[in-house]
Structures are given as structure tokens and as C-alpha cells.
Amino acid sequence: MILPSDGLLTSSHQEPALTPAKSGGCGCDSSTTVEMDQKVQERIAKHPCYSEDAHHHYARMHVAVAPACNIQCNYCNRKYDCANESRPGVVSELLTPEEAAHKALVIAGKIPQMTVVGIAGPGDPLANPEKTFRTFELIADKAPDIQLCLSTNGLMLSEYVDKIKQLNIDHVTITLNTIDPEIGAKIYSWVHYKRKRYRGVEGARILLEKQIEGLQALQEADILCKVNSVMIPGINDQHLIEVNKMIREKGAFLHNIMPLISAPEHGTHFGLTGQRGPTPKEVKAVQDNCAGNMKMMRHCRQCRADAVGLLGEDRSQEFTKDKFLEMSPEYDLEQRTAVHDGIEKFKQELKIAKQNARTGKEFTHNPKVLVAVATKGGGLVNQHFGHAKEFQIYEVDGNEVSFIGHRKIDQYCQGGFGEEATFEHIMAAIADCKAVLVAKIGNCPQEKLHAAGIQTVEAYDVIEKVALEFYEEYVKGLGTRD
């Protein structure tokens with residue numbers, strides 16, 4: 001079996017047998033989640049940003065060829081040469097289309113499970129149309145199996161849908177934060193359209209009109225559309241359910257409600273004026289309220305504009321310009337196909353293991369609990385507690401295991417320095433969880449977690465299986481199992 005491991009695929013790494021869980025059933029989505037039709041699922045099957053399942057196995061890369069932007073959001077500050085920041089609009093270096101295509105071919109060989117090349121900035125791809133489309137043309141010519149996608153604010157989208165269709169760009173993301181220009185005036189500083197700068201409600205209204213035009217044009221062209229919405233407490237948080245309803249009506253198939261990233265050191269308007277971001281609990285509540293209307297994206301990492309690798313990891317510093325320009329492209333379609341076949345085989349084994357977990361036992365009137373999972377991908381509990389830089393959070397009720405999001409943390413193992421402060425940060429991130437599922441954990445952090453009322457489970461197996469086994473033991477301890 002070919003197993004995803006550490007962001008690379010090797011045929012020598014053998015996976016533990018996928019055995020059925022002892023109890024309960026498992027699933028990826030709650031009963032309130034709207035399912036996507038089969039054709040859409042097939043189109044996103046290898047796109048980690050569009051498919052929750054794919055993000056465990058396939059990688060993506062963003063190429064930073066679009067520096068200019070035609071709007072100014074109060075949550076955005078485009079930064080360059082910022083290797084230590086991980087958020088949209090940040091890059092270490094800009095590329096020409098030719099450099100970007102070369103980089104894509106290099107990485108397609110180095111990371112054969114990389115299936116998607118996207119352009120998401122650091123500005124707006126459609127404010128830089130020549131560079132954006134030239135990049136896509138070069139990549140499509142040399143690497144026909146790589147999917148192409150772009151992320152835009154939507155201001156110029158309707159004017160370029162025909163070109164997007166022509167280039168077989170099948171995935172487009174629009175960032176749409178409000179359908180009320182009055183609210184938009186609080187989110188956008190200005191909008192530059194047709195050589196004129198508009199501010200306040202007028203600018204927000206122009207942007208919204210063009211976003212709706214773009215949404216409808218994508219639907220007519222049969223191009224998949226995901227909508228990103230930044231959740232800003234006190235401004236648009238209660239309004240996002242209205243946004244959700246509108247975008248569904250206009251043809252979007254996936255909605256990504258993501259938290260405002262707001263810190264003074266980022267230099268954004270919201271960061272400097274003290275606008276707080278939402279808590280994970282607040283984000284989940286809004287996502288849950290919208291989930292009955294359309295499919296929600298909960299695995300977003302709010303990536304850099306030059307991100308490389310699996311979601312949740314960033315290997316961009318391995319492929320800086322001075323490095324990748326010295327590398328010869330190793331794009332090999334046959335090799336990549338073999339790797340992808342291996343991933344699909346493993347996914348089928350994973351699917352069977354989840355199905356086998358259904359033993360017919362039913363849990364009723366039991367509480368839903370959260371568990372934090374240390375994982376390197378592959379849908380497995382397979383990472384040491386001390387090596388984790390994020391935890392994936394799952395909600396478990398004994399019958400279902402539902403992914404609800406991720407929480408970034410500081411890595412605990414840092415050579416003995418700062419571990420006490422780091423542990424406090426970890427605790428703040430997972431304080432509402434009942435257990436941490438890890439491949440291994442040291443005695444010291446384990447004791448600290450237990451003292452805080454958080455159980456630890458050491459395992460190397462399918463996430464759903466481990467979570468369900470924990471839950472059965474958990475409810476036995478409560479004495480509430482029916």
C-alpha cells in the first residue's frame with residue numbers, strides 16, 4: 001500500500017491494518033449537512049481546498065504572481081518577505097508567470113500528490129489578469145493533470161468568466177462578506193473600479209453588484225464556485241446566514257465561513273483599531289446555523305499566497321526562488337498517476353474501515369463531545385503530541401464523528417525551551433475538548449492534560465475508529481449509556 005506520510009508518498013511505509021471499531025457508527029457530516037451531488041463530488045475529489053476528504057491526502061500550491069489589488073479590505077495587509085506569518089496576502093517573494101510555471105513543474109515532481117495550482121494573490125488575480133492567465137496557460141501546457149483555480153474578490157469576475165472557462169479553470173473562490181452595502185462600508189476602505197476610487201456605501205454597493213454578477217456568470221458557465229466569508233464579530237457575524245442563503249440561490253456549492261485574523265502586529269485596520277476575531281465556538285455556531293442550507297467548508301487554513309504542501313503544513317521555504325530555479329522540473333505524469341492510484345486505493349481501505357465501524361450499537365441521550373487529534377494527514381491519528389502545530393477537532397456522539405475545524409498551536413517540543421508557556425497556549429486552544437488523540441505523548445504533558453480533565457489516547461489508526469472507542473469508554477465513565 002502507498003501511504004501518505006509527512007507530505008510525501010513512499011511505497012516502503014506500511015500502514016497498520018485498518019480494523020473495525022468496537023462500537024458506534026461513523027460519518028463525515030452531521031445529518032443537517034446538505035450533501036453535494038455525485039458529479040460535483042467527482043469534480044472536487046482531488047482538490048484539497050474544496051473537499052474535506054481530499055485535504056487529508058492531496059496537496060496544493062499557490063503561486064504569487066498577482067501583486068495588485070482593486071479593493072482595500074480592513075482585515076488585509078499584503079506583506080512581502082514574511083516567512084513567519086501564515087495568513088492570506090502574505091508572501092516571501094513575487095514570481096513572474098515563467099518562474100511560477102517552473103516552480104509548479106518542480107513541485108509536481110517533488111510532491112506528486114500535489115493536484116492543484118491556485119492563484120490567490122497576494123493581491124487579486126483578476127486585478128492582474130495578464131500575469132494570472134499567462135501563468136495558467138504555461139502550467140496547463142506542461143502539466144495537464146493539474147487542476148487550476150483562482151481566488152478573487154469578484155469585482156472583475158464577470159468580465160473574465162469566458163477566459164476562465166477557456167483555460168479550463170474549474171474552481172473559483174469569491175470572498176463575499178456581506179450582501180448589505182451598509183455593512184460593507186464597515187469592511188472595505190475603498191473599491192477601485194473603472195479608474196475611479198469609491199468609498200463607503202457606494203464602493204461596497206458596486207462591489208456587491210459585481211460579485212453577484214460574477215456568481216451568476218460562473219453558474220451559467222458551469223464553473224464550481226466556493227464562497228469565502230470572513231466572520232467579523234459585531235459587524236457581519238449575525239448577517240452571514242443571509243449571505244449563505246443568497247449565495248446558495250446564485251449557484252455557489254460550498255461556503256467557507258472563516259474567522260477574522262486580527263492582531264496589531266499585522267498592521268491591518270481592524271488589527272490597529274482593536275477589532276477582535278471570533279472564538280472557535282462562535283465560528284462553529286454560525287457554521288452550524290448555515291449548514292442546513294448548503295455544504296460548509298470547515299477545514300480551511302487561511303493559507304499564505306505562496307503556500308505549498310498539504311493543508312495544515314507550509315513547505316514554501318523549501319522552494320524559495322533561489323532554490324527552485326536551480327532545480328530541473330521532474331514532472332512525470334506516469335509517476336504521478338501511480339501515486340494518485342495509491343492514494344485512491346488507501347482511501348478505499350479507509351472507507352471500508354469506517355463502514356466496518358458500524359456495529360449496530362446506538363447511543364442515545366448522550367452528550368456530544370469534542371476531541372483534539374494530532375495528525376499528519378491520511379485520515380489517521382499518526383502524530384506525536386510534541387510535534388503537532390495544529391489539532392484537528394472532531395465532534396463525537398457515539399454514532400457519528402464529524403470534523404468541525406482545526407486549531408493552530410505552538411509546537412510543544414522545542415528542545416526544552418519555553419514548554420511551560422507553550423503548554424498554556426495549547427490548553428487554551430483545546431480546553432473544551434474531552435480528549436487528545438495522539439500517536440505518542442510524553443509523561444509530562446500527559447500528566448498536565450489529565451490534571452486539567454482532558455484524557456489522552458495513544459493510537460495509530462483511523463481517526464473515526466479511535467474517536468468512537470474513546471467515546472464508548474467515556475460514556476461508561478459517565479454511567480449514562482442507554
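Visitor: Is the crossing of H7 and H9 left-handed or right-handed?

Guide: The crossing of H7 and H9 is right-handed, and I should add at the start that what we are looking at is a predicted model.

Visitor: At what angle do those two pack, and how many Å apart are the axes?

Guide: Helix H7, which covers residues 240-249, and helix H9, which covers residues 280-290, pack at an angle of about 35°, and their axes lie 9 Å apart.

Visitor: Which residues make that contact?

Guide: On the H7 side the contact is made by Leu 240, Ile 241 and Asn 244, and on the H9 side by Val 286, Asn 289 and Cys 290. Sorted by class, the residues of this contact are four nonpolar and two polar, with no charged ones.

Visitor: Let's switch to H4 and H6. How do their axes cross?

Guide: The axes of helix H4 (residues 157-166) and helix H6 (residues 200-220) come within 8 Å of each other and cross at roughly 25°. Because angles under 35 degrees count as roughly parallel, H4 is described as roughly parallel to H6. The crossing of H4 and H6 is right-handed.

Visitor: And which residues make the contact there?

Guide: From H4 the contact takes in Leu 157, Ser 158, Glu 159 and Val 161, while H6 brings Lys 210, Glu 213, Gly 214, Leu 215, Ala 217 and Leu 218. By class, the contact of H4 with H6 has five nonpolar, two polar and three charged residues.

Visitor: What about Ile 174, where is it found?

Guide: Ile 174 is found in strand E9, which spans residues 171-175.

Visitor: Why does Ile 174 count as buried?

Guide: Ile 174 counts as buried because its relative accessibility is 0%, and the cut-off for that word is under 20%.

Visitor: Which residues does Ile 174 touch, leaving out those up to four places away in sequence?

Guide: Ile 174 touches several residues, including Leu 157, Leu 215 and Leu 218, and those three also take part in the contact between H4 and H6. Thr 152, Cys 225 and Val 227 are also among the residues that Ile 174 touches. Ile 174 and Gly 214 are 40 residues apart in sequence, and from C-alpha to C-alpha they are 8.7 Å apart in space.

Visitor: Now Phe 324, is that one buried or exposed?

Guide: Phe 324, which is found in helix H10 (residues 321-324), is buried, with a relative accessible area of 0%. Leaving aside neighbours within four places in sequence, Phe 324 is in contact with Leu 95, Glu 99, His 102, Lys 103, Val 106 and Phe 319. Phe 324 and Ala 104 are 220 residues apart in sequence and 9.5 Å apart in space, C-alpha to C-alpha.

Visitor: Last topic, strand E18: how many of its residues are buried?

Guide: Strand E18 covers residues 390-396, and seven of its seven residues are buried. In a regular strand the side chains alternate between the two faces of the sheet. Here Glu 390, Gln 392, Tyr 394 and Val 396 lie on one side, with Phe 391, Ile 393 and Glu 395 on the other, and both faces are covered.

Visitor: Which strands does E18 pair with?

Guide: Strand E16 (residues 369-373) is joined to E18 by five bridges and runs antiparallel to it, with Val 371 having Tyr 394 as its bridge partner in E18. E18 also pairs with strand E19 (residues 401-408) in the antiparallel sense, over seven bridges, and there the bridge partner of Val 396 is Val 401.

Visitor: What lies between E18 and E19?

Guide: E18 and E19 form a hairpin with four residues between them, and in the turn Gly 398 has a positive phi of about 95°.

Key
Residues are numbered from 1 along each chain as its sequence is written. This is a predicted model: local features need pLDDT of at least 70, side-chain atom pairs count only at pLDDT 80 or more; totals for chains, interfaces and linings use all residues. Side-chain values use heavy atoms; hydrogens and water are left out. Buried means under 20% relative accessible area, exposed over 50%, partly exposed in between (1.4 Å probe, protein chains only). Contact means heavy atoms within 4.5 Å. Axes are lines fitted to C-alpha atoms, for helices over the stretch in contact, and angles run from 0 to 180 degrees between N-to-C directions. A crossing is left-handed if the near helix is turned anticlockwise from the far one by less than a right angle, and right-handed if clockwise. Ala, Val, Leu, Ile, Met, Phe, Trp, Tyr, Cys and Pro count as nonpolar, Asp, Glu, Lys and Arg as charged, and the others, Gly among them, as polar. Two strands pair if DSSP finds at least two bridges between them. Angles under 35 degrees count as roughly parallel, over 145 as roughly antiparallel, 65 to 115 as roughly perpendicular and the rest as oblique.
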